[in-house]
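This report describes how the parts of one protein model fit together. Please keep the sequence and the structure in view while reading.

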Amino acid sequence: MNRNGFVLAGAAAAAVLATVLLGAVYVTAQQIERQGADDAGWRLASQVATELADGRSDTLDALPRVDLETSLAPFVVVFDTADAAQSGNGYLGGELAEVPKGVLDAARAQGRNHVSWQPSDGVRFATVEMRAGDNVVLAGQSLAPSESRTDELGILLLAAWAVTMLVLVAGALAFRLLGRAGGAAAASSGNR
């Protein structure tokens, strides 16, 4: 392989490496953001489940009503054995929020569960579910802030990738042009 071939191969390898590394950074950050979105839900569900086990509802009674279509506030809903929403502060369309039956079934079977729930376009939540006796406590919050941060990071990483590719292409072209100019200068001095 000639000198230009090595340069092109090196640039291609660097491009692949940069793409893989920046992609890995994005996926890792996205997963950290998504898992972090569960934190408020875990705290709230745990608190409410503990109180229900003690026969109390202090937290449920103190929480303000949350319109899930417009609010970013954490919310909680308690479901009975028939999967009917019994109490809480998370409302959709004027009613306590209802989730798919499988979400509650998984919490009952495993003791706890967590899912991303999208009841309608543009409305997504990080939810956690905990078994509390015969009931299931579901708590969550909007994924909008987390997804917004992930989108912003994606744009920054895409810009970094584009700059990296431009630098690699410019470097390979400069090397090639300098190599030709150096070869031409050597050939002309050899003809003297």
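In this predicted model, F125 has a relative accessibility of 1% and therefore counts as buried, the cut-off being under 20%. The ring of F125 takes part in a pair with W117: the centres are 5.5 Å apart and the planes stand at 35°, so this pair is tilted. W117 is buried as well, with a relative accessible area of 8%. F75, at 0% relative accessibility, is also counted as buried.

The model has 2 aromatic pairs. They are set out below.

| Pair | Centre to centre | Angle between planes | Type |
|---|---|---|---|
| F75 and F125 | 5.3 Å | 80° | edge-to-face |
| W117 and F125 | 5.5 Å | 35° | tilted |

F75 belongs to strand 2 and F125 to strand 7, so their pair ties together parts that lie 50 residues apart in sequence. Through ring pairs, F75, W117 and F125 are linked into a cluster.

Strands 2 and 7 are members of an open sheet of 5 strands, ordered 3-2-8-7-6 and paired antiparallel. At its edges are strand 3 (85-88) and strand 6 (112-120), each of which pairs on one side only. On average, neighbouring strands are turned by 30° against each other, direction ignored. Strand 7 (residues 123-132) and strand 8 (residues 135-142) are joined by 8 bridges, and A126 stands opposite Q141 of strand 8.

Two helices meet this sheet. Helix 2 (residues 39-53) lies across strand 2 (75-79), strand 6, strand 7 and strand 8, and runs at about 155° to strand 8. Helix 4 (residues 101-110) has V103, L104, A106, A107 and R108 as its buried residues, and these pack against strand 2, strand 6, strand 7 and strand 8. After helix 4 comes G111, with a positive phi near 90°.

Helix 1 covers residues 3-36; at 1.5 Å a residue its 34 residues should span 50 Å, and the end C-alpha atoms are 49 Å apart, which agrees. Among the buried residues of helix 1 are G5, A11 and R34.

Most residues other than glycine have a negative phi. D83 is not a glycine, yet its phi is positive, about 65°. D83 is placed in the loop between strand 2 and strand 3, and its relative accessibility of 14% means that it counts as buried.

Two arginines have their charged ends over rings. The charged end of R65 is 3.7 Å from the ring centre of Y91 and sits over that ring. R112 has its charged end over the ring of W42, 4.2 Å from the centre.

Definitions and conventions
Residues numbered from 1 in each chain as written. Predicted model: local features only at pLDDT ≥ 70, side-chain atom pairs only at ≥ 80, totals over all residues. Heavy atoms only, no water. Pairing = 2+ DSSP bridges. Helix = DSSP H or I, 4+ residues; strand = E, 2+ residues; numbered from the N terminus. Axes fitted to C-alpha atoms, helices over the stretch in contact; angles between N-to-C directions. Contact = heavy atoms within 4.5 Å. Expected span 1.5 Å × (residues − 1). Buried < 20%, exposed > 50% of the residue type's maximum accessible area, 1.4 Å probe, protein only. Phe/Tyr/Trp six-rings, centres within 6.5 Å; stacked < 30°, edge-to-face > 60°. Lys NZ or Arg CZ within 6 Å of the ring centre and 35° of its normal.
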